[in-house]
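Got the model open in your viewer? Let's walk through it one selection at a time.

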Amino acid sequence: MSPTFIVTGTDTDVGKTVFAAALAGALNGYYWKPVQAGLVDISDAQSVSDLSGLHADHILPEAYRLTTPCSPHRAAAIDGVEIDPTQLALPVVLGPLIVEGAGGALVPFRSDWLHADQFAAWNKPVIIVARTALGTINHSLLTIEALRFRGISIHGIAFVGDVHQDSEDIIVRVSGVRRLGRLPHLPVLTGETVKAAFAANFELADFT
Ligand SMILES: Nc1ncnc2c1ncn2[C@@H]1O[C@H](COP(=O)(O)OP(=O)(O)OP(=O)(O)O)[C@@H](O)[C@H]1O
Ligand SMILES: [Mg+2]
């Protein structure tokens with residue numbers, strides 16, 4: 001059976017989309033961003049399309065496309081809709097599926113339904129994308145605790161940024177979560193640079 005991975009982050013803007021593009025591309029999988037909040041900038045699905053090398057039909061349409069770049073619960077309210085968890089069922093695809101959340105694990109879809117609640121409902125392993133920069137120890141360990149509190153399976157942690165070996169080491173030692181690798185800061189982001197960086201810094205076998 002093909003794997004499904006849920007990609008969350010320690011924060012917004014940590015590099016979830018770039019990592020998800022790299023992983024989905026390496027697996028020749030499918031990418032799904034269920035809720036896109038903020039349609040002024042380039043959407044995450046478009047970024048993944050640009051960076052993954054995946055065929056267009058491997059980029060699945062969002063369940064919700066919300067105008068305002070803010071928490072989905074608020075973006076939905078501004079657009080006059082309410083996010084319905086029954087609309088967030090995982091799509092059925094013939095291959096690996098990579099799902100990217102918005103922001104981090106406790107970001108609300110609704111005041112009574114957080115990302116972590118949805119992760120628990122999906123019942124698929126979660127990959128945490130974490131910065132290597134200052135603040136990452138606290139953010140990573142908090143994210144791990146929040147997921148474990150709900151019984152969510154954590155596949156591993158993927159770091160993004162320049163090397164800060166001690167931060168990575170202490171997160172792994174304290175939590176026992178597997179380190180999957182580190183995507184370095186890439187001066188130029190293209191399909192080629194992302195693919196090469198993933199191949200050099202991650203083991204595909206960890207995701208199959
Ligand atoms: N490895 C990298 N090298 C260089 N730039 C990167 C890298 N990873 C991410 N970025 C840049 O950092 C910014 C945030 O990355 P990204 O969009 O992947 O974050 P995100 O966690 O998906 O954010 P969101 O919460 O909005 O979905 C983007 O401008 C992206 O191009
Ligand atoms: Mg993103």
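One cut-off before we start: a residue is called buried under 20% relative accessible area, exposed over 50%, and partly exposed in between. Try it on His139, which comes out at 32% relative accessibility and so counts as partly exposed. Keep in mind as you click around that this is a predicted model.

**Stop 1: the whole chain**

Show the protein chain as a cartoon, and you should find 7 helices and 10 strands. The radius of gyration is 16 Å, close to the 17 Å that the globule rule gives for 208 residues, so the chain is as compact as a globular protein of that length. Along its principal axes, the C-alpha trace spans about 45 × 35 × 35 Å.

Now switch on the surface. About 9800 Å² is exposed, and carbon and sulfur atoms supply 54% of that area. Of the 208 residues, 50% count as buried. If you draw contacts between residues at least 6 apart in sequence, 71% of them join residues at least 24 apart. Colouring by charge brings up 14 positive and 21 negative charges, whose mean positions are 4 Å apart.

**Stop 2: the magnesium ion**

Select ligand 2, the magnesium ion. Which residues coordinate the magnesium ion? Show side chains for Thr17 (OG1), Asp44 (OD) and Glu100 (OE), which sit at 2.0 to 2.1 Å from the metal. Along the chain, these donors follow the spacing T-x26-D-x55-E. Asp44 lies in helix α2 (residues 44–52) and Glu100 in strand β5 (residues 97–104), so the pair ties together parts that are 56 residues apart in sequence.

Are these two acids buried or exposed? Asp44 counts as buried at 15% relative accessibility, and Glu100 counts as buried at 2%.

**Stop 3: two loops with an unusual backbone angle**

Some background for this stop: most residues other than glycine have a negative phi. Go to Asp13, in the loop between β1 (4–9) and α1 (16–27). Its phi is positive, about 70°, although Asp13 is not a glycine. With a relative accessible area of 72%, Asp13 is exposed.

Next, pick Asn123, in the loop between α4 (115–122) and β8 (126–131). Asn123 also isn't a glycine, yet it has a positive phi of about 60°. Asn123 is exposed too, with a relative accessible area of 64%.

**Stop 4: back to His139**

You've already met His139 as a partly exposed residue. Find it in helix α5 (residues 136–149), then add Gly9 to the selection. How far apart are the C-alpha atoms of His139 and Gly9? They are separated by 9.2 Å, although the two residues are 130 apart along the chain.

**Stop 5: Arg182 and its neighbours**

Finish on strand β10 (residues 179–183), where you'll find Arg182. Arg182 is buried, with a relative accessible area of 17%; that is under the 20% cut-off. Leaving out residues up to four places away in sequence, select what Arg182 touches: Thr132, Phe159, Val160, Gly161, Asp162, Val163, Glu168, Asn201 and Phe202. Of these, try a distance label on Val160: its C-alpha atom is 5.4 Å from that of Arg182, and the two residues are 22 apart along the chain.

Conventions. Residues numbered from 1 in each chain as written. Chains lettered and ligands numbered in written order. Predicted model: local features only at pLDDT ≥ 70, side-chain atom pairs only at ≥ 80, totals over all residues. Heavy atoms only, no water. Helix = DSSP H or I, 4+ residues; strand = E, 2+ residues; numbered from the N terminus. Rg over C-alpha atoms; globule rule 2.2 N^0.38 Å. Buried < 20%, exposed > 50% of the residue type's maximum accessible area, 1.4 Å probe, protein only. Contact = heavy atoms within 4.5 Å. Areas by Shrake-Rupley, 256 points an atom, 1.4 Å probe, with all protein chains shown as cover. Lys, Arg positive; Asp, Glu negative; His and termini not counted. Charge placed at Lys NZ, Arg CZ, Asp CG, Glu CD. Donors = N, O, S within 2.8 Å, 3.2 Å for Na, K, Ca; no water.
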